[in-house]
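Got a few minutes to look around a protein with its bound partners? Let's take it one spot at a time.

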Amino acid sequence: MSDNCIFCKILNNTIPSKKIYEDKDVIAFNDINPKMPVHFLIVPKQHIKMLSNCDINNQEHIRLLGKMTVLAPVLAHKQGCNKGFKIIIHNDKGGGQEVFHLHMHVMGSPL
Ligand code: AMP
Ligand code: ZN
């Protein structure tokens with residue numbers, strides 16, 4: 001939990017979101033500014049700033065990233081992406097990251 005983090009505020013329900021999935025490790029909610037008809041974010045509950053702050057020797061990081069990745073097609077399919085989807089992780093300012101709490105974009109179209 002980080003005080004000025006918008007995704008931590010979504011996680012503790014201080015800010016509303018259109019939640020589509022939650023378990024003990026992760027939450028997924030619709031992106032407020034969708035770039036495709038289906039566009040949601042998978043966010044670990046642990047406040048990790050960005051992908052490059054994950055450690056190859058940290059089994060919890062590996063587990064969380066694995067879960068986020070394997071969850072993406074399950075949720076994409078449930079959201080109607082029957083023909084495919086893409087996942088994107090922006091890393092740091094140079095990678096287009098705006099919210100500094102690790103998240104995976106999942107985007108697709110029902111077509
Ligand atoms: P980025 O950090 O560039 O990977 O992207 C952050 C994403 O978070 C953007 O696509 C925003 O539209 C989205 N976003 C920012 N605030 C909210 C919010 N309150 N609820 C849902 N999505 C948000
Ligand atoms: Zn956070």
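What follows is a short tour of a metal site, a ring pair and a ligand pocket.

Keep in mind that this is a predicted model.

**The zinc site**

Start with the zinc ion (ligand 2). Which protein atoms hold on to the zinc ion (ligand 2) as donors? They are the SG atoms of Cys5 and Cys8 and the ND1 atoms of His47 and His101, and they lie 2.0 to 2.3 Å from the ion. The angles among the 4 donor atoms run from 101 to 117°, and the site is tetrahedral. To count as tetrahedral, four donors need all their angles between 85 and 135 degrees, so this site qualifies.

Now trace the donors of the zinc ion along the sequence: their spacing reads C-x2-C-x38-H-x53-H. His47 sits in the loop between β3 (38-44) and α2 (59-78), while His101 sits in the loop between β4 (85-88) and β5 (104-108), so this pair ties together parts that are 54 residues apart in sequence.

Are the two histidines buried or exposed? His47 is partly exposed, with a relative accessible area of 24%, whereas His101 is buried, at 0%. The cut-off for buried is under 20%, which means that His47 misses it.

**A pair of rings**

Next, look for aromatic rings that pair up: the structure has 1 such pair. Phe7 and Phe29 are the partners, arranged edge-to-face, with 5.4 Å from centre to centre and 75° between the planes. Why does that count as edge-to-face? Because the planes are over 60 degrees apart.

This pair links distant parts of the chain, as Phe7 belongs to helix α1 (residues 6-11) and Phe29 to strand β2 (residues 26-30), 22 residues apart. Phe7 is buried, with a relative accessible area of 7%, and Phe29 counts as buried too, at 3%.

**Around ligand 1**

Finally, head over to ligand 1. It has 16 residues around it, and the closest are Asp31, His90, Glu98, His103 and His105. Here are some distances to oxygen atoms of ligand 1:

| Residue | Atom on the protein side | Distance to an oxygen atom of ligand 1 |
|---|---|---|
| Asp31 | polar side-chain atom | 2.5 Å |
| Glu98 | backbone N or O atom | 2.7 Å |
| His103 | side-chain N or O atom | 2.6 Å |

How much of ligand 1 does the protein bury? On its own, ligand 1 exposes 510 Å², and the protein buries 89% of that.

Note on methods: Residues numbered from 1 in each chain as written. Chains lettered and ligands numbered in written order. Predicted model: local features only at pLDDT ≥ 70, side-chain atom pairs only at ≥ 80, totals over all residues. Heavy atoms only, no water. Donors = N, O, S within 2.8 Å, 3.2 Å for Na, K, Ca; no water. Tetrahedral: all angles 85-135°; square planar, octahedral: opposite > 155°, others 65-115°. Helix = DSSP H or I, 4+ residues; strand = E, 2+ residues; numbered from the N terminus. Buried < 20%, exposed > 50% of the residue type's maximum accessible area, 1.4 Å probe, protein only. Phe/Tyr/Trp six-rings, centres within 6.5 Å; stacked < 30°, edge-to-face > 60°. Near = heavy atom within 4 Å. Polar contact = N/O pair within 3.5 Å; in protein donor to acceptor, adjacent residues only side chain to side chain. Areas by Shrake-Rupley, 256 points an atom, 1.4 Å probe, with all protein chains shown as cover.
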